[in-house]
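Thanks for coming, everyone. Let me put the structure up, and then I will walk you through a few places in it.

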Amino acid sequence: MDQFLQINGNQVRVSNLEKIYWPGDGFRKGDLLKYYIEMSSLILPYIQDRPLVMSRYPEGITGEMFYHKHLAENQTPPYIKTQRIYSKEREDDINYIIGSGIETLVFMVNLGAIELHPWFSRVQTLDHPDWAIFDLDPAEGATFEDTIMVAQLIHKVLTDLKVKHYPKTSGATGLHIYVPVEPIYSYEELQEFVELVGWIVVQVIPDKATIYDRKVKDRAGKVYVDYLQNIKGKTITGVYSVRPQPKAPISTPVLWDEVNSSLKPDMYNLQTIGKRIEEVGDLFKPVLKEKQKITRALNLLRNELLDVTRKQY
DNA sequence: GGTATAG
DNA sequence: CTATACCAACGCAGC
DNA sequence: GCTGCG
Ligand SMILES: [Mn+2]
Ligand SMILES: [Mn+2]
C-alpha cells in the first residue's frame, strides 16, 4: 500500500495513489500528486516561507472535507518545516507548516490536501503581507460574466491609480486579483486599500457589485467584493491549486486581455493545464517580482472618500 | 490520512 | 495483529 | 457570547 519517494534526500511516505479522488472524471490521488510534482517549480515560489492551510479531502471530492492548520508533533516528519504562531481565538499556538521544498508539497498532497492556502505574509514579515487580494465571489444569481465585469472595472481603477495587479481564476466560481506590495504595510492598511477600491466600484455599478452586504441573501444577483480576506490568519486558494470540483479545475493566472466573456472558470484544469503552461508560462511571476509601494494610491483613495463625503453635506 | 488505544 | 476511535479551523463583523 | 460567513 505505502510507497516511499526519495526527494531531496528525504524518505517521503505516500499511500493509496490508486484511490479515485474525482469519481466523475476518474482522476486518482496519484494524478493529483503527479500534477503537483510536475508543477512544483511553478508552485513552490508562491508558498515558500508562508504558513500554509490545507483543505483536505482524504476520501476524494465527494467525501468529508476539513481544513488543517495545526500539525501535531507526532505527525511531523523531520523534513517538514513548521512554525508556531499564536492564535487569539484558540488561545494557543498553531503549529503551521511552512512552505519549503517538494518534499513538503508531497507530504501535504498525500494527506489529501487538494487545495493549498498560503498566508498573504511570509515568516520573515508575518505582520506585513507582500500581496493584497481582491477576492471576487459571485453570489447566488450572479454569473461568471458579472464577475468579469466587476473585475474589469477594478482593472480600470487600479490602472488609473498606477497600481500593478494580476488576475487568476479561482477555479471555482470567482476571480482573484493580486496586488504585489513591498512588505511594509499592515494587513489593516491593505484591507483598507481593497475596501476603498471596492467601494468605488460599488458606487459605479451598485446593481452588479456589493461590498457591505454581510448577509448572503442580500447579495443575491451581485458579485461580493470580499475585502475581508485581507486579514492575518485568513487565506484563499493559492495560485495553481486544484479545486475539489468536477473536471478538477485549477486556479490559473490569466492576462487582462483574457478577462472577457470567453473566459470560463473551469477551462484550466487537470486535463488542460499542461498545454496552457506550455503556451504562456507562469503569468504570475510579476506578483513575486514587482513589489510596489501603494502609499500614494492609498492616499488618493482616502482623499477621494473625503471629497465624496464632503459633497454630501 | 495517521496515530493511539482496545481487544 | 486488526479493529475501532478520534482527530484534523479560525478570524471577525454584527447582533 | 453566539451566529454567519468565507
Ligand atoms: Mn473567493
Ligand atoms: Mn471570499
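**Salt bridges, metal and DNA**

Let's start with R122, which counts as buried at 19% relative accessibility. The cut-off for buried is under 20%. Keep in mind that this is a predicted model.

What does R122 pair with? R122 forms a salt bridge with D130. Their closest N and O atoms are 3.2 Å apart. D130 is buried too, with a relative accessible area of 6%. As background, side chains of opposite charge can pair when their charged atoms come close.

This pair belongs to a network. Salt bridges link D49, R50, R122, D130 and K291.

How many salt bridges does the structure hold? The count is 18. Let me pick out two others.

Take K19 and E59. Their side chains meet in a salt bridge, 3.1 Å from N to O. K19 sits in the loop between β2 (10-14) and β3 (20-22). E59 sits in the loop between β5 (51-56) and β6. The two are 40 residues apart in sequence, so the pair ties those parts together. And K19 is partly exposed, at 27% relative accessibility.

Now R276 and E258. They form a salt bridge, and the closest N and O atoms are 2.8 Å apart. This pair links distant parts of the chain. R276 is in helix α6. E258 is in the loop between β14 and α6. The separation is 18 residues. Buried or exposed, where does R276 fall? R276 counts as buried, at 6% relative accessibility. Its partner E258 is partly exposed, with a relative accessible area of 21%.

On to the metal. Which protein residues are the donors of the manganese ion, ligand 2? They are D135, D137 and D226, each through OD. They lie 2.1 to 2.3 Å from the ion. Along the chain, the donors follow the spacing D-x1-D-x88-D.

D135 and D226 link distant parts of the chain. D135 is in strand β10, residues 131-138. D226 is in the loop between β14 (223-225) and α6 (273-280). That puts them 91 residues apart. D135 is buried, with a relative accessible area of 5%. D226 is buried as well, at 8%.

There is another manganese ion here, ligand 1. The two ions, ligand 2 and ligand 1, are 3.6 Å apart. D135 coordinates both.

Last stop: DNA strand C. How many residues surround DNA strand C? There are 15, and the closest are F66, K69, S87, E89 and R90. Strand β6, residues 66-68, gives the largest share of this surface, with 3 residues. By type, the surface divides into 8 charged, 4 nonpolar and 3 polar residues.

What part of the DNA faces the protein? Look at the atoms of strand C within 4 Å of the protein: 69% belong to sugar or phosphate. The rest belong to bases.

Several contacts come from the protein backbone. A backbone N or O atom of H70 lies 2.8 Å from a phosphate oxygen of strand C. A polar backbone atom of E89 is 2.9 Å from a phosphate oxygen. For Y67, a polar backbone atom is 3.2 Å from a sugar or linking oxygen.

To recap. R122 and D130 are in the salt-bridge network. D135 coordinates both manganese ions. And 15 residues surround DNA strand C. That's my tour.

Technical notes
Residues are numbered from 1 along each chain as its sequence is written. Chains are lettered from A and ligands numbered from 1 in the order in which they are written. This is a predicted model: local features need pLDDT of at least 70, side-chain atom pairs count only at pLDDT 80 or more; totals for chains, interfaces and linings use all residues. Side-chain values use heavy atoms; hydrogens and water are left out. Donors are N, O and S atoms within 2.8 Å of the metal (3.2 Å for Na, K and Ca); water is not among the atoms, so sites may look incomplete. Helices (H or I, at least four residues) and strands (E, at least two) are DSSP runs, numbered from the N terminus. Buried means under 20% relative accessible area, exposed over 50%, partly exposed in between (1.4 Å probe, protein chains only). A residue is near a molecule or strand if one of its heavy atoms lies within 4 Å of it. A polar contact is a pair of N or O atoms within 3.5 Å; within protein, one must be able to donate a hydrogen and the other to accept it, and residues adjacent in sequence count only if both atoms are side-chain atoms. Ala, Val, Leu, Ile, Met, Phe, Trp, Tyr, Cys and Pro count as nonpolar, Asp, Glu, Lys and Arg as charged, and the others, Gly among them, as polar. A salt bridge is a side-chain nitrogen of Lys or Arg within 4 Å of a carboxyl oxygen of Asp or Glu.
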